[in-house]
Amino acid sequence: VATMVLCLRGSDPSLWRPALAWLDTSQRDDGAWPARAISADHTSIADLHLRDAATAFAVLARESCQSP
């Protein structure tokens, strides 16, 4: 979310490029980005929802940071 906001506000690219680099290297083979619920059960529906949310925010950040 922070990366998306930095891009939308027109912040200096040196502030958000490292985050995009992390997104590029952290995307899983299935296309999702990692996220974990605080609960001990990491197979729970909460983990699945967090993974979906993390992936959505990663896509929004990448799209927001693209040059026009």
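Helices here are DSSP runs of H or I with at least four residues, strands are runs of E with at least two, and both are numbered from the N terminus. On that basis the chain has 3 helices and 0 strands. Along the sequence the pattern reads α-α-α. Before going further: this is a predicted model, and the values I quote are computed from it.

Some totals for the chain. There are 68 residues, of which 25% count as buried. The exposed area is about 4,800 Å², with 60% of that supplied by carbon and sulfur atoms. On contacts, take those with a sequence separation of 6 or more: 41% of them are between residues 24 or more positions apart.

Now the covalent link. How many disulfides does a search of the whole structure find? The search returns 1. The partners are Cys 7 and Cys 65, and their sulfur atoms are 1.8 Å apart. The pair joins distant parts of the chain, since Cys 7 is in helix H1, residues 2-8, while Cys 65 is in the segment after helix H3, which runs 45-64; the two cysteines are 58 residues apart. The angle about the S-S bond is 90 degrees, and the link is right-handed. As for accessibility, buried means under 20% relative accessible area. Cys 7 has 11% and therefore counts as buried. Cys 65 has 7%, so Cys 65 is buried too.

Next, the salt bridges. The count is 3. I will start with Asp 24 and Arg 62, where the closest N and O atoms are 3.2 Å apart. Asp 24 lies in helix H2, residues 13-26, and Arg 62 lies in helix H3, so this pair ties together parts that are 38 residues apart in sequence. Arg 62 has a relative accessible area of 32%, which makes Arg 62 partly exposed.

Another of the salt bridges is between the side chains of Asp 30 and Arg 28, at 2.8 Å from N to O. Arg 28 is partly exposed, at 37% relative accessible area. Then there is the salt bridge between the side chains of Asp 52 and Arg 51, with an N to O distance of 3.4 Å. Both partners there are partly exposed: Asp 52 has a relative accessible area of 43%, and Arg 51 has 23%.

Let me turn to helix H3, residue by residue. Thr 55 is placed in this helix. Is Thr 55 buried or exposed? Its relative accessible area is 17%, which is under the 20% limit, so Thr 55 is buried. The Thr 55 side chain reaches the backbone nitrogen of Trp 33 at 3.0 Å. Leaving out residues up to four places away in sequence, Thr 55 touches Gly 31, Ala 32 and Trp 33.

Ala 56 is also in helix H3. At 39% relative accessibility, Ala 56 is partly exposed. Trp 33 comes up again here: the C-alpha atoms of Ala 56 and Trp 33 are separated by 8.9 Å, with their positions 23 residues apart along the chain.

Further along helix H3 is Ala 61. Which residues does Ala 61 touch, not counting those up to four places away in sequence? They are Thr 3, Met 4, Leu 20 and Leu 23. The relative accessibility of Ala 61 is 3%, and Ala 61 therefore counts as buried. From C-alpha to C-alpha, Ala 61 and Val 5 are 8.0 Å apart in space, although they are 56 residues apart in sequence.

Val 5 leads to the surface. Together with Val 1, Phe 57 and Leu 60, Val 5 makes a nonpolar surface patch of about 330 Å². Val 1 sits in the segment before H1. With 53% relative accessibility, Val 1 counts as exposed, because the limit for that class is over 50%.

To sum up the links between parts of the chain: the disulfide joins Cys 7 in helix H1 to Cys 65 in the segment after helix H3. The salt bridge of Asp 24 and Arg 62 ties helix H2 to helix H3. Thr 55, in helix H3, has its side chain at 3.0 Å from the backbone nitrogen of Trp 33.

Conventions: Residues are numbered from 1 along each chain as its sequence is written. This is a predicted model: local features need pLDDT of at least 70, side-chain atom pairs count only at pLDDT 80 or more; totals for chains, interfaces and linings use all residues. Side-chain values use heavy atoms; hydrogens and water are left out. A disulfide is a pair of cysteine sulfur atoms within 2.5 Å. Buried means under 20% relative accessible area, exposed over 50%, partly exposed in between (1.4 Å probe, protein chains only). Patches are made of residues with over 30% relative accessible area and no salt bridge: like charges are joined within 9 Å, nonpolar side chains (Val, Leu, Ile, Met, Phe, Trp, Tyr) within 5 Å. Accessible areas come from the Shrake-Rupley method with a 1.4 Å probe; for residues, only the protein chains shown count as cover. A salt bridge is a side-chain nitrogen of Lys or Arg within 4 Å of a carboxyl oxygen of Asp or Glu. A polar contact is a pair of N or O atoms within 3.5 Å; within protein, one must be able to donate a hydrogen and the other to accept it, and residues adjacent in sequence count only if both atoms are side-chain atoms. Contact means heavy atoms within 4.5 Å.
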